[in-house]
Amino acid sequence: MDTVKLVYEIDGDNFSAAGEASTAVKRVLKKLKLPSAIVRRAVICMYEGEINMVIHADGGRAYVDVDEEKIVIRLEDRGPGIPDIGKAMQEGWSTASAEARNSGFGAGMGLPNMKRNSDNMKIETELGVGTTVTMTILFGGEAS
Amino acid sequence: MKNSLILNTDRCTGCTVCVKACPTEAIRVTRSKAVIYNARCIDCGRCVSVCPHHAYSVRSDSLDRLEQYKYNIVIPDTSFYGQYKNLYDLNIVNEGLLALGFDDVYPAAIGAELLADLWKKDGSTIFEEDLIRVTSECPAVVRLVAMEFQDLIPNVVDSLCAFEVTAVLARQEAVKKTGLPPEEIGIGLISPCPAKNSRVYEPIGLESRVVDYALPMNDIYIKLLSPMKAVTDPADRVRAGKLGLSWGRSGGLSDMFPDRDVLAVDGAENVLRILSEIEDEKLTEAELVETALCTQGCFGGCLTVENPFTAKLHMRRLILGLPEQNLEITDPIRDRIPWDYELEEIDTEIADSIAQALQLEAAAERLYKTLPKFDCGNCGAPSCRAFSRDVSEGFAEENDCIFNIIKIMRNGMSHEDEKDELVPPPFRRPL
């Protein structure tokens, strides 16, 4: 079974470039004959994750693997880590900087949106070391 | 669908300027000549505009077509009036057209004003709650949506083009006036671009053609210069007011809704970007997006003569003394004109299963990683990414890439110095 493997470097602190990787992912996904709802959900997951990495973690790396059954998006950063995942998952909770908020980010909807649009989301985080978020979107799945 | 671009291979030098300019990557150069892939072409005419050798022409008709009909009506696209310098009255153009042999003139602004009036009076004919509508006046954008943004098909305003509405009305009125059967009346469009020509030849949502022939704007522009000089006291044939006449430029349509969240986007790159943002639900504030594939709307069409900005200035001057609005949609007109159409998607992907699509894309990604990403165009494709897709789909071979050929050459040499001599400076070892 063929797997399309994509890797993107995400620049930290560059709000005008934020979203470039999700645009690139979308360009590839659109060629894969996937249902458009799947593509849209994956692009939202990727976009929100990308923005999070820019705002909180000084960038990182995104891995996107697509096979016949699923899309797996893995976002790795070497940022500060998430102290309280429970709080971070609450809608509206944000620790984004004033600068990020001024650019229209930091509404506290990132992680909730990622959770809502994926069938499975796993967060591995260690304070001072970094965070890895892995999201799976199943083609036969039924995420809300 | 057939497109309206014709390549004169004698003139084509294979320079790849059009390959790079094409917004849908529909052109490749092979064996020293450009090749257009019809399925991917949206007829925008960028290639016509940028070709340094004027190798492209546009499928269209000549004035000889008038002889086939007993009565001829010409529809000048609104952008046509902006082409002339020192013009102070739109009707001088109209009167000049009569001298060329037409029996009547119905500016496309008539249809524009009727559509505008319909939308103004009943917002539900254009706006839809929770849906960002995309205007359908530019046929190239409509085709782009059908081809690359299928999710947005419901967003496209399902109305005919202004020139089509004008044509339907003009024929009905001419039948009444002359007593001739409809097929003996010839209707021609003075067109700014191949997209409108294609729309003339193959309409969407109409059972048959409503315009009989398409005349290239640059051709009619020249033919009209001397008859226009002879015009003394022109009758009024514009019929429309500022509302309809403002449709030639980008923003002309959206300006009629000052109290709604409407924006106007023109130019291929900008249109692609905004459609992508609508698709990703990143654009949330707008209710209606007016789109035109050419810069400055139809004034930027490849068959126009004047630069689009100056043409806009001319138009501004020409409509100064005109009433805001002259025409109103009446029930009989509304009933007589077919307004709606169904837009069908155009599938350009080669793969017919996810498995096959994955296989093609995985192969393309593997190759892409090895390419220099200079997007030099020497392989005949617009970018390394497009080239890697071409290879995976079987339309090109890995060694069509000049860099891959250089790699082979380097590998054949035993000494590094020798290798460097053979290759162009960018590929020599760093000092």
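How many Å separate the centres of domain 1 and domain 2 of chain B, taken over C-alpha atoms? In this predicted model, the answer is 26 Å. Chain B as a whole splits into three pieces: domain 1 covers residues 5-58, domain 2 runs over 63-336, and domain 3 takes in 354-427. Where domain 1 of chain B meets domain 2 of chain B, ten residues of the former are in contact with 17 residues of the latter. On the domain 1 side, the biggest giver is helix H2 of chain B (residues 46-50), which puts in three residues. Sorted by character, that side of domain 1 of chain B comes out as six nonpolar, two polar and two charged residues.

Within chain B, helix H3 (residues 90-99) is worth a look. Seven of its ten residues are buried, so helix H3 of chain B is largely enclosed by the rest of the structure. The buried set is made up of Leu90(B), Ile92(B), Val93(B), Asn94(B), Glu95(B), Gly96(B) and Leu97(B). So what covers them? The cover includes two strands of chain B, S5 (71-76) and S6 (104-105), along with two helices of chain B, H8 (217-229) and H11 (308-318). After H3(B) comes Gly101(B), a residue with a positive phi, near 120°.

Turning to chain A, the tally is five helices and five strands. Going along the sequence, these elements of chain A follow the pattern β-α-α-β-β-α-α-α-β-β. With a radius of gyration of 14 Å, close to the 15 Å that the globule rule gives for 144 residues, chain A is as compact as a globular protein of that length. The C-alpha trace of chain A spans about 45 × 30 × 25 Å along its principal axes, and 36% of its 144 residues count as buried. As for who touches whom, take the contacts in chain A with a separation of 6 or more: 62% of them join residues 24 or more positions apart.

The strands of chain A build an open sheet in the order S1-S2-S3-S5-S4, with antiparallel pairing. Strands S1 (4-11) and S4 (120-126) of chain A sit at the edges with a single partner strand each, so one side of each has no neighbour in the sheet. From one strand to the next, the twist averages 10°. Further in, strand S3 (residues 70-77) and strand S5 (residues 130-138) of chain A are held in antiparallel register by eight bridges. One pairing to find in the structure is Ile73(A), whose bridge partner in S5(A) is Met135(A).

Two helices of chain A pack on this sheet. Helix H1 of chain A (residues 20-29) touches S1 and strand S2 (59-66) of chain A, and its direction makes about 165° with that of S1(A). Helix H2 of chain A (residues 36-56) touches S1, S2, S3 and S5 of chain A. The direction of H2 of chain A makes about 5° with that of S3(A).

Finally, the two chains meet. Chain B brings 13 residues to the contact, and chain A brings 15. On the chain B side, the residues that touch chain A divide into six nonpolar, two polar and five charged.

Key: Residues are numbered from 1 along each chain as its sequence is written. Chains are lettered from A and ligands numbered from 1 in the order in which they are written. This is a predicted model: local features need pLDDT of at least 70, side-chain atom pairs count only at pLDDT 80 or more; totals for chains, interfaces and linings use all residues. Helices (H or I, at least four residues) and strands (E, at least two) are DSSP runs, numbered from the N terminus. The radius of gyration is taken over C-alpha atoms; the globule rule is 2.2 Å times the number of residues to the power 0.38. A residue is buried if 20 or more other C-beta atoms lie within 10 Å of its own, exposed if 12 or fewer, and partly exposed in between; C-beta atoms are placed from the backbone. Two residues are in contact if their C-beta atoms, placed from the backbone, lie within 7 Å. Domain bounds come from an automatic or database domain assignment. Ala, Val, Leu, Ile, Met, Phe, Trp, Tyr, Cys and Pro count as nonpolar, Asp, Glu, Lys and Arg as charged, and the others, Gly among them, as polar. Two strands pair if DSSP finds at least two bridges between them. Axes are lines fitted to C-alpha atoms, for helices over the stretch in contact, and angles run from 0 to 180 degrees between N-to-C directions.
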